Amino acid sequence: MNTALPVTQLAEKQWDLIVIGGGITGAGIARIAADRGLATLLVEQQDFAWGTSSRSSKMVHGGLRYLGSGQYRLTRDAVRERQRMLEEAPGLVEPLHYIMPHYQRQFPGPRIFGLLLWLYDKIAGRRNHDFLPGDRVLDWIPGLRRERLKGGTRFADAGTDDARLVLRLIHEADTDGATIRNYVRATHVRQGAPASVTLEDRETGETATARARLVVSATGAWTDALRQHLGADRTIRPLRGSHLVVPFWRLPVASSVTLMHPEDGRAMFIFPWEGMTVIGTTDLDHEGDLNDEPVVTEPEYRYMLTLADHYFPDHQVTRDSIVASWSGVRPVVSTNHDVAPSDESREHEIWDDSGVVSVAGGKLTTFRLIAEEVLATGAPYLADPEVVRGPGPNRVFRPAPETDRPPGLSSRQWHRLKGYYGPDLPDVLSAGPLTRIATTDTLWAELVWAAGHEGVRHLDDLLLRRTRIGMLLPEGGRDWLDAIETACAPVMTWSADDWGREKARYLTIWRQAYYLPREDAESGA
Ligand SMILES: Cc1cc2nc3c(=O)[nH]c(=O)nc-3n(C[C@H](O)[C@H](O)[C@H](O)COP(=O)(O)OP(=O)(O)OC[C@H]3O[C@@H](n4cnc5c(N)ncnc54)[C@H](O)[C@@H]3O)c2cc1C
């Protein structure tokens, strides 16, 4: 994948489509558009998936929550897309069990929850839930508070690695001829035929103006910034959600657990991830600058610990044992701050500002449907509107080639690698040793391949999004940075000084945004 074309070259071409934003929404649109033969350019101002799409709870769910609020069609679409992703990209999108424990006098009880799941299963066309008595619940969630526990409802949805999901789509789009650039910001958009976008290379400072028949802004929480150039009002309410990563043994859960927070009754999750346990998420207005990394605040940290204290009386989570944290900003379409954050709709919205189409909101699960809808909205601006109408690609994710599992890899690892890398798997396997990095499941070969082939500009791209090493090893993997340099230097162009700067930059970002606030920091903003 060539992600290094200068912006001046990007400006020389007449594009059918320029997609602004390299999260799940933009990557999905580029994937579908390139498949349909549109000359497509995608630009991302930071790294791919740097925005919300590497910071979600990583659940590919059918939208049980939508069903609870009567949004049947939305649930039906999401359930179908979930099934499609499970079938097309196994290993990347995997079934995940959820358990909702039921306590006496706590809503929702097993009957009402079971009814909701009955309908959910009916939409999926298969039964996916059962009721577990208390002792069976404890088999799955050993440390759960037993007092007044009536049992639990177990059901199935799915999980993924959100950043890798975005990368898979970007590779697919690239294969179909799309041009992809990270670290290029759209600083201005203008309507017209063609519409134009001013591009700024964030690394070199170079600027140029590119033209396209159709411009799509898929900039999530940043949507208002570009739409303001078009005279539109503000429509986005950025809502922050944070997570804590703790060693599995300190809070062991064998499935995702849905728990009602004791202070406000909000649904929260504790779930297994990459051999660790994650607690999340919060939901509150984000007042910070969107261009800064969002960070977990001290009140959020305490709120999440309160959840663990309440439901897991003997848990071993201490402040010092937190391995990492991450925060993301939900691009919620709303201007009414009187509504409680968690009551806000998560539905996406599309605006057509005469040749500049913007989209915000939505979920990981429904990226394909959103992409189709966006392209249908923009169709009148294309030379041949029919190109984007009608059925899309048969498969969004091309499969990995049928090859034998190399010795030393478990079937579980093999399954994951096929899902993560699809057709690129043979190249990944030959990029480096097929051994794990420290205690993670990530192989050195994956790291080296990503360093050489996935548009990595900074060390944080490699350790926080291409892989998750920075969130899985103590102190962001500080002790492994020299070994990482030794492994990756041959496939990168960085000098020894560059490596020194990159390590320092990475550790600063990690300390500020992927760990905990200093204990004396009281800010809740
Ligand atoms: C805490 C949390 C938990 C969540 N959990 C789930 C979940 O479990 N399942 C689920 O389905 N959804 C979940 N979501 C929602 C989901 O993550 C988001 O809806 C989705 O990632 C939004 O994707 P996006 O591509 O629209 O936005 P983003 O991923 O934010 O992408 C937009 C991109 O546009 C770029 N950009 C902005 N302005 C410019 C510009 N001028 N030029 C170039 N690039 C620009 C940004 O840098 C950014 O990378 C969660 C969200 C949060 C915050």
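Me: Let me get the terms straight. On a 1 Å grid over the protein atoms alone, a pocket is an open set of points with protein on both sides within 12 Å along at least five of seven lines, while a cavity is a set where a 1.4 Å probe fits but cannot get out. Lining residues have an atom within 4 Å of a point. What volume does the second largest pocket have?

Reply: About 850 Å³. Volume here is the space filled by probe spheres set on the grid points, which are joined across faces, edges and corners. The second largest pocket is lined by 28 residues, and Pro272, Trp273, Glu274, Gly275 and Arg412 are the closest to its centre.

Me: Before we go on, what kind of model is this?

Reply: The model is predicted: local features need pLDDT of at least 70, side-chain atom pairs count only at pLDDT 80 or more, and totals for chains, interfaces and linings use all residues. Residues are numbered from 1 along each chain as its sequence is written, and side-chain values use heavy atoms, with hydrogens and water left out.

Me: OK. Which elements give two or more residues to that pocket lining?

Reply: Strand E3 (93–103), strand E5 (149–160), strand E12 (267–273) and helix H11 do. H11 has the largest share, with four residues. Helices (H or I, at least four residues) and strands (E, at least two) are DSSP runs, numbered from the N terminus.

Me: And the classes in that lining?

Reply: The second largest pocket has 12 nonpolar, eight polar and eight charged lining residues. Nonpolar covers Ala, Val, Leu, Ile, Met, Phe, Trp, Tyr, Cys and Pro; charged covers Asp, Glu, Lys and Arg; the others, Gly among them, are polar.

Me: Which domains does the second largest pocket lie between?

Reply: Domain 2 and domain 3. Both give residues to its lining, so the pocket lies between them.

Me: Remind me how the chain is divided?

Reply: Domain 1 is 7–53 + 163–235 + 344–388, domain 2 is 95–158 + 238–334, and domain 3 is 411–513. Those bounds come from an automatic or database domain assignment.

Me: How many Å separate the centres of domain 1 and domain 3?

Reply: 27 Å, taken over C-alpha atoms. Their contact (heavy atoms within 4.5 Å) takes 14 residues from domain 1 and 19 from domain 3.

Me: Switching to cavities. How many of 30 Å³ or more?

Reply: Three. The largest has a volume of about 100 Å³. Its lining has 13 residues, with Arg416, Tyr420, Thr442, Thr467 and Arg468 nearest the centre.

Me: What gives the most to that lining?

Reply: H11 again (residues 411–421), with three residues. By class, the largest cavity's lining splits into eight charged, three nonpolar and two polar residues.

Me: And the second largest cavity, where does it lie?

Reply: Between domain 1 and domain 2, because both give residues to its lining. The space in the second largest cavity is about 60 Å³. Its lining includes Trp50, Arg55, Trp222, His286 and Asp289. The classes there are five nonpolar, four polar and three charged.

Me: Now single residues. Phe48: buried or exposed?

Reply: Phe48 is buried, with a relative accessible area of 0%. Buried means under 20%, exposed over 50%, and partly exposed in between (1.4 Å probe, protein chains only). Phe48 sits in the loop between strand E2 (40–43) and helix H3 (64–68).

Me: What is Phe48 in contact with?

Reply: Leaving out neighbours within four places in sequence, its contacts include Met1, Gly22, Leu42, Ile180, Glu454 and Arg466.

Me: And where is Leu132?

Reply: In strand E4 (residues 129–133). Leu132 is buried at 1% relative accessible area. Beyond four places in sequence, Leu132 is in contact with Ile99, Val137, Trp140, Gly151, Gly152 and Arg154.

Me: What about Ser334?

Reply: Ser334 lies in the loop between strand E15 (324–333) and strand E16 (349–353). Ser334 is buried, at 11%. Not counting residues up to four places away in sequence, Ser334 touches Thr235, Ile236, Arg237 and Glu344.

Me: Last one. What does UniProt place at residues 408–497?

Reply: "Alpha-glycerophosphate oxidase C-terminal", a domain feature from an unreviewed entry. UniProt positions are in the numbering used here, feature names are shortened, and annotations may be inferred rather than shown by experiment. In the model, residues 408–497 are 53% helix and 0% strand.
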